[in-house]
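Q: Please pick one part of this model and look at it closely. I would like to follow its neighbours outward in one connected account.

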Amino acid sequence: MSPTIPNETRMAPETLLKKRKSADRQRVQKQQAASERKNKLGSNNKRKLVFKRAEKFIKEYRDVSREENRVSKVIENVDKIEVPAQAKLVFVVRVKGQSKIAPKARKVLQLLRLTEVDSGIFLKLTKSTAELLKIVEPYVAYGYPSLASVRKLIYKRGYAKVSGTERTPLTDNQIVENALGEYSIICLEDLIHEIYTLGPNFKVSTNFLWPFKLSTANAGLGVRQKIKKFVEREGLAEGVEDINALIDAQN
């Protein structure tokens with residue numbers, strides 16, 4: 001019995017050669033088509049990416065420009081800011097951490113030691129501090145704290161500056177006396193009284209405290225609405241009651 005001869009072997013050499021060339025040509029065409037589709041897709045994606053980046057940059061430039069214009073208007077109208085006839089105690093909390101901040105506003109936040117979101121400080125409300133608050137108003141919440149709120153903050157969140165840089169929890173009256181004894185402030189209640197009543201050593205007392213680090217206000221929609229109200233409000237006199245609610249929610 002004669003062996004089986006493969007089909008390709010039985011084909012004429014010219015026919016076999018043509019078939020292989022056709023297969024090679026089709027393969028090359030398919031590869032070229034696939035490469036063109038890939039390049040076209042990559043080009044489209046790149047165009048989309050470039051467009052999105054351009055949009056992002058335009059928005060950033062617009063935001064920075066708006067912020068600079070806002071700060072300029074505040075500075076122009078500082079004489080129109082109304083403040084109480086007598087200095088009052090306010091508690092200021094940073095509620096927004098936006099990165100696109102005008103240089104003037106950023107400097108004021110640093111001056112107030114509000115470099116982090118949910119950090120808070122006690123501040124004496126005067127003409128000059130009212131001007132500072134107006135500049136950073138979109139990024140902070142503030143109002144007049146009650147004595148109970150002042151006491152809660154110091155007892156629960158109070159940290160003292162020891163040796164300039166060391167952050168020490170206020171767990172002992174001795175810490176207060178060692179730092180402020182020369183001002184007749186020898187315990188936590190003395191410190192609370194000095195701050196709440198805006199005593200003669202108010203600045204020394206508040207500098208003795210680190211900015212308060214509060215919890216994120218996640219106690220429900222009501223608290224978030226209070227923060228939104230703070231950020232959107234106009235004028236310094238509003239939020240007297242709400243600042244205490246905000247302190248309770250974040251303390």
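A: **Helix 7 and its surroundings**

Among contacts in the chain between residues at least 6 apart in sequence, 73% join residues at least 24 apart; contact here means heavy atoms within 4.5 Å. This is a predicted model, in which local features need pLDDT of at least 70 and side-chain atom pairs count only at pLDDT 80 or more, while totals for chains, interfaces and linings use all residues. Residues are numbered from 1 along each chain as its sequence is written, and side-chain values use heavy atoms, with hydrogens and water left out.

The chain has 10 helices and six strands, taken as DSSP runs numbered from the N terminus (helices are H or I of at least four residues, strands are E of at least two). Of its 251 residues, 35% are buried; buried means under 20% relative accessible area, exposed over 50%, and partly exposed in between, with a 1.4 Å probe and protein chains only.

Let us start at helix 7, which runs over residues 188–196 and has Leu188, Leu191, Ile192, Glu194 and Ile195 as buried residues. Seen down the helix axis, these buried residues fall within an arc of 165 degrees, so they line one face of helix 7; the arc is that of the directions from the axis to the C-beta atoms. The cover over them includes two strands, strand 1 (88–94) and strand 2 (119–125), along with helix 5 (147–157), helix 6 (173–180) and helix 8 (202–208).

From helix 5, Valine 150 gives a good view of this packing. Valine 150 is buried, at a relative accessible area of 0%. Its C-alpha atom is 6.8 Å from that of isoleucine 192, although 42 residues separate the two along the chain. Leaving aside neighbours within four places in sequence, valine 150 is in contact with Ile192, Ile195 and Tyr196, and also with Leu89, Phe122 and Pro145.

Phe122 takes us on to the aromatic groups. The structure holds three aromatic pairs, where rings of Phe, Tyr and Trp (its six-membered ring) pair if their centres lie within 6.5 Å, planes under 30 degrees apart counting as stacked, over 60 as edge-to-face and the rest as tilted. Phenylalanine 122 and phenylalanine 212 have ring centres 5.4 Å apart and planes at 80 degrees, so this pair is edge-to-face. It links distant parts of the chain, with phenylalanine 122 in strand 2 and phenylalanine 212 in strand 6 (residues 212–213), 90 residues apart. Both partners are buried: phenylalanine 122 has a relative accessible area of 5%, and phenylalanine 212 one of 2%. Phe91 joins Phe122 and Phe212 in a cluster linked by ring pairs.

Both Phe122 and Phe212 also border an enclosed space. A search of the whole structure finds one cavity of 30 Å³ or more. On a 1 Å grid over the protein atoms alone, a cavity is a set of points where a 1.4 Å probe fits but cannot get out, and its lining residues have an atom within 4 Å of a point. Points are joined across faces, edges and corners, and the volume is the space filled by probe spheres set on them. The largest cavity holds about 40 Å³ of space. Its lining consists of Arg113, Gly120, Ile121, Phe122, Thr206, Leu209, Trp210, Pro211 and Phe212. Strand 2 gives the most to that lining, with three residues.

Arg113, another lining residue, follows helix 3 and has a positive phi, near 70 degrees. Most residues other than glycine have a negative phi. Aspartate 118 also has a positive phi, near 70 degrees, and lies in the loop between helix 3 and strand 2. With 13% relative accessibility, aspartate 118 counts as buried.

Back at our starting point, leucine 198 comes after helix 7, in the loop between helix 7 and helix 8. Leucine 198 has a positive phi of about 55 degrees although it is not a glycine, and at 18% relative accessibility it counts as buried.

Terms used:
1 Å grid on protein atoms, 1.4 Å probe; cavity = no way out; pocket = protein on both sides within 12 Å on 5 of 7 lines; lining within 4 Å.
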